[in-house]
Each structure stands twice: as structure tokens, then as C-alpha cells.
Amino acid sequence: MRNRLKMLVMTVLMVCFCLTGCSGGKKNVDYSKAENWAYCENDKTDMDADVFFICPTVYSGSEDSWNMAMDDEDTKQSFVGAINMEKGIYDQDSRFFAPYYRQAGLNAYTVDAEEREPYIQAAYEDVKEAFAYYMDHYNEGRPIVIAGFSQGGDLAVRLLKDCFDEEAVADLLVGCYAIGWSVTEEELKEYPHLKFASGEIDTGVIVAFECESEEVEDSVIIPKGTKTLAINPLNWKTDSTMADKTRNLGACFTDYSGEIQIEIPELTGAYIDPVRGALKATDVTSEEYPAVLDIFEDGVFHLYDYQFFYRNLQENVHMRIQAYLQ
């Protein structure tokens, strides 16, 4: 089963992150058009909440192209596939909304943060515009889960900073699952309306972690010498209390349709590193779960942040929504 798992992971992730294309000129995206939404479940009426999901990086970029073009149909197919890999965590109780946006390419993560910022900001402007359209036309006072992964996690936190400082909007927030991204104490001080999760069912909070092996001391997400906030998805604690693998309800490895191809209960335990704030996985190796992308060293389990803790996250989204509704 381990060999089958490795082949599945490598195949899916290499397809996801190895596309090329060209970005067109920047102009506003019209989110009144269905073609600009990967998912727009506005016709569902029997759900308790809404999820606004921001896709991770599927565009690789090129020497002269740093943002995905909205007419890049090949990348948009992988855009939907990457969303599907996580959608099952979120859609049990919720309508699902996920805009296409001109995301920054993987090549943007090969340059320093200052040089990268214009490309991330360009992507964010699309996400912000899509969210404004969603609020104006679809939300109608419904509870909201903001969610994303990797670049999507970054943009989710930016959305909270800009759009949830008004009480009327903040009161709708069930939680923001910014998985695979870093959130710092300094950011919380700069934006006092942001709150980091402190437990399993608090609401209006950010849920975030970045997973790596115990040996890793540096990564693109958590550079050496910095510290992120994190919550452990196995015990929902923010300190370094160890959660052994018996608390892992199931690692699930999905394909681009969202189907679970392999499920492994009790795959790994985890604890939060008190120095880096990273979530350290204790029972998996980089040989079994390689980094895949050149921007990460082996032992950075970034691509598996959702997969390793799939069932725990799925259960928690449901519990947090129910806590909000009570």
C-alpha cells in the first residue's frame, strides 16, 4: 500500500504543480459570470453555512509570466482538481464558493518576499473582488467559513485583515482555515480584529498550521528565525503538547475528482515546535512523503498538510459550524 500511495501522491501533485502558461493583461474579473467561478453553489438552500475557498497554487509560471491567465483552460482544469482534493473536508454542512483568480505562479516563490509581493497582491485583488461579489449577491447573512491552502491560505488571511474589521461581517465568521500558511503574533497586534484559534470549537478565529519533520529548521513558509502561530489538528491545542497517532482519525489521499483513493487511520502523531511554531509530524518520513517541489527541502510536508489530518479537519469544520449555530 505504501508504494501505491507514493505513486498516487507523486502523480497527482506533479500534475498539479507542473503546468505552464501565459498571464494576460490585468483587468477586472467579472464575477457576475458563472465562468469565473470554479464553484458557485448559490442555488442550494438546505445548508447551514457557506464556504468561501481559495485554491492553492496550480500555475507554475514562466520566465515572463508570473500570474495565471483567466483564459488558461488547462490550468483552470487543475484549479478545479486541486480544490476537489480538499472540498470534502468543507462541504458537509455548507454551500461551496470558489472563484477562479489570477494566482501567482510557483515561480513567484523562488524569489524573495519583497519581489514576490506584487504578484501575490495581483492575485489577492481578484480574490477580494470575488468575495465582495459573493457578499453582495449570495451571502444574505449566512455564516461563513473562509478556507484555503498554501497561497490560498495567505490570501484567506489577507481577506480577514481587509474585510472582517466591520462588526457586521466579523459576526458571520465561523472560522478561517488558513492551512499551510504562517500567521504571526505581530500580525495579530497589527490587526486587532484577528483572533487565532485557542481550542476545538471557538468561532471567529484563524485555524492554521504548517507540517514538517522534526529535523527541518527552515522553509519558504516558516523561514529560519521566525515563528508562526499554530493549532494542532489532533488535540486542538496551541502549545507543544504531543498528540500521538491514535488521535489521527484518518489521513486521506484524494484525487482530482475529490475521491479518497487511500485512507490510513492513525498515520502520524504531531506536536507544535515551541521554537518555530511548525507542526512536527512524528511517524512519517520524507522518503515516504517527499517534498516534490524544488522550493521545499525534503522533510517539509507542506503538500500533505490537509491529507495527513483530513478526517480530523473534516470533523472540526462540522463541529465549529455547529458551535456557531448554537
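**View 1. Nine nonpolar, four polar and eight charged residues make up the lining of the largest pocket.** This is a predicted model, as are all the views that follow. The pocket shown here has a volume of about 440 Å³. In total, 21 residues line it, and if you want to find its centre, look for Ala 113, Arg 116, Asp 154, Arg 158 and Trp 181, the closest ones. Two helices to pick out are α3 (113-139) and α4 (151-163), since each supplies at least two residues of the lining. Helix α3 is the top contributor to this pocket, giving five residues.

**View 2. Here is the second largest cavity, with about 90 Å³ of space.** The count of cavities of 30 Å³ or more comes to two. Around this one sit 15 lining residues, and Leu 106, Ser 150, Ile 295, Phe 296 and His 302 are the ones nearest the centre. What classes of residue make up this lining? There are 11 nonpolar and four polar residues, and no charged ones.

**View 3. Phe 52, Tyr 90, Ile 146 and Phe 308 have the most contacts inside the largest nonpolar core.** As a rule, nonpolar side chains in soluble globular proteins tend to be buried together. In this model the largest such core takes in 107 residues. Helix α3 turns up again, giving the most to this core with nine residues.

**View 4. Zooming in on Phe 52, we see what it touches beyond its neighbours within four places in sequence.** The aromatic residues Trp 37, Phe 97, Phe 131 and Tyr 134 are among its contacts. Phe 52 also meets Pro 99, Val 127, Ala 130, Val 145, Ile 146, Ala 147 and Leu 159. Ile 146 has already come up as one of the residues with the most contacts inside the core.

**View 5. Cys 163 and Cys 176 make no bond with each other, because their sulfurs are 12 Å apart.** A disulfide would need the two sulfur atoms to be within 2.5 Å. For Cys 163, the closest cysteine sulfur is the one in Cys 176, so no other cysteine offers a shorter reach. Seen from the other end, Cys 176 has the sulfur of Cys 163 as its nearest and is in no disulfide. The disulfide count comes to zero. Are these cysteines buried or exposed? Cys 163 counts as buried at 17% relative accessibility, and Cys 176 is buried too, with a relative accessible area of 0%.

**View 6. Arg 95 is a charged residue that is buried, with a relative accessible area of 5%.** You'll find it in strand β3 (residues 94-99). Asp 48 is 47 residues away from Arg 95 along the chain, yet the C-alpha atoms of the two are separated by 8.1 Å. Which residues does Arg 95 contact, leaving aside its neighbours within four places in sequence? They include Glu 41, Asn 42, Lys 44, Met 47, Ala 49, Asp 50 and Val 51. Tyr 138, Asn 139 and Arg 142 are in contact with Arg 95 as well.

**View 7. Glu 140 sits in the loop between α3 and β4 (144-149).** Its phi is near 55°, a positive value in a residue other than glycine. Glu 140 counts as exposed, at 71% relative accessibility.

**View 8. For Glu 266, go to the loop between β9 (260-264) and β10 (270-272).** Phi of Glu 266 is near 55°, again positive in a residue that isn't glycine. At 37% relative accessibility, Glu 266 counts as partly exposed.

Definitions and conventions: Residues numbered from 1 in each chain as written. Predicted model: local features only at pLDDT ≥ 70, side-chain atom pairs only at ≥ 80, totals over all residues. Heavy atoms only, no water. 1 Å grid on protein atoms, 1.4 Å probe; cavity = no way out; pocket = protein on both sides within 12 Å on 5 of 7 lines; lining within 4 Å. Points joined across faces, edges and corners; volume = space filled by probe spheres on them. Helix = DSSP H or I, 4+ residues; strand = E, 2+ residues; numbered from the N terminus. Buried < 20%, exposed > 50% of the residue type's maximum accessible area, 1.4 Å probe, protein only. Core = buried A, V, L, I, M, F, W, Y, C linked by side-chain atoms within 4.5 Å. Contact = heavy atoms within 4.5 Å.
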